[in-house]
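Work through the two exercises below with the structure open beside you, and try each task before you read its solution.

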Amino acid sequence: MADDESNNETLDELLIRFGKHLRSKRESLGLTSAEMARKSDIGRGNYANIESGKKDLQLSTIMKLCKGFGLSYYELFEGFRNNP
């Protein structure tokens with residue numbers, strides 16, 4: 001397995017980076033966080049915590065995010081690895 005900078009990331013750093021990734025995807029769709037929370041069937045506060053990197057995600061939450069964004073798992077994570 002190749003060494004890369006993501007191996008040195010803490011969980012907190014990873015969550016923050018993923019939250020920024022989601023925010024960017026949401027904004028590209030022209031949606032507010034409240035609209036995305038509703039589409040994803042996630043509470044507004046929980047969704048805000050995801051985007052700010054304050055909430056560790058369970059697989060069930062990732063499934064809800066896929067539904068809300070209308071994306072597959074692969075599409076949801078597309079660009080995440082290369083977007084520090």
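**Exercise 1: helices α2 and α4**

In this predicted model, the axes of α2 and helix α4 (residues 59–69) come within 7 Å and cross at roughly 110°. Describe how α2 is oriented relative to α4, give the handedness of their crossing, and list the residues that make the contact.

Solution. Begin with the crossing angle of roughly 110°; because angles of 65 to 115 degrees count as roughly perpendicular, α2 is roughly perpendicular to α4. The handedness comes next, and the crossing of these two helices is right-handed. On the α2 side the contact is formed by M36, K39 and S40, while α4 contributes K64, L65, K67, G68 and F69. Sorted by class, the residues of this contact comprise 3 nonpolar, 2 polar and 3 charged.

**Exercise 2: helices α2 and α3**

Helix α2 (residues 33–40) also packs against helix α3 (residues 44–51). State the angle and the axis distance of this pair, then its orientation, its handedness and its contacting residues.

Solution. The two helices pack at an angle of about 110°, and their axes lie 9 Å apart. With that angle, α2 and α3 are therefore roughly perpendicular to each other. As α2 passes α3, the crossing is right-handed. From α2, the residues S33, A34, M36 and A37 meet R44, Y47 and E51 of α3. This contact of α2 with α3 is made up, by class, of 4 nonpolar, 1 polar and 2 charged residues.

Technical notes: Residues are numbered from 1 along each chain as its sequence is written. This is a predicted model: local features need pLDDT of at least 70, side-chain atom pairs count only at pLDDT 80 or more; totals for chains, interfaces and linings use all residues. Side-chain values use heavy atoms; hydrogens and water are left out. Axes are lines fitted to C-alpha atoms, for helices over the stretch in contact, and angles run from 0 to 180 degrees between N-to-C directions. Helices (H or I, at least four residues) and strands (E, at least two) are DSSP runs, numbered from the N terminus. Angles under 35 degrees count as roughly parallel, over 145 as roughly antiparallel, 65 to 115 as roughly perpendicular and the rest as oblique. A crossing is left-handed if the near helix is turned anticlockwise from the far one by less than a right angle, and right-handed if clockwise. Contact means heavy atoms within 4.5 Å. Ala, Val, Leu, Ile, Met, Phe, Trp, Tyr, Cys and Pro count as nonpolar, Asp, Glu, Lys and Arg as charged, and the others, Gly among them, as polar.
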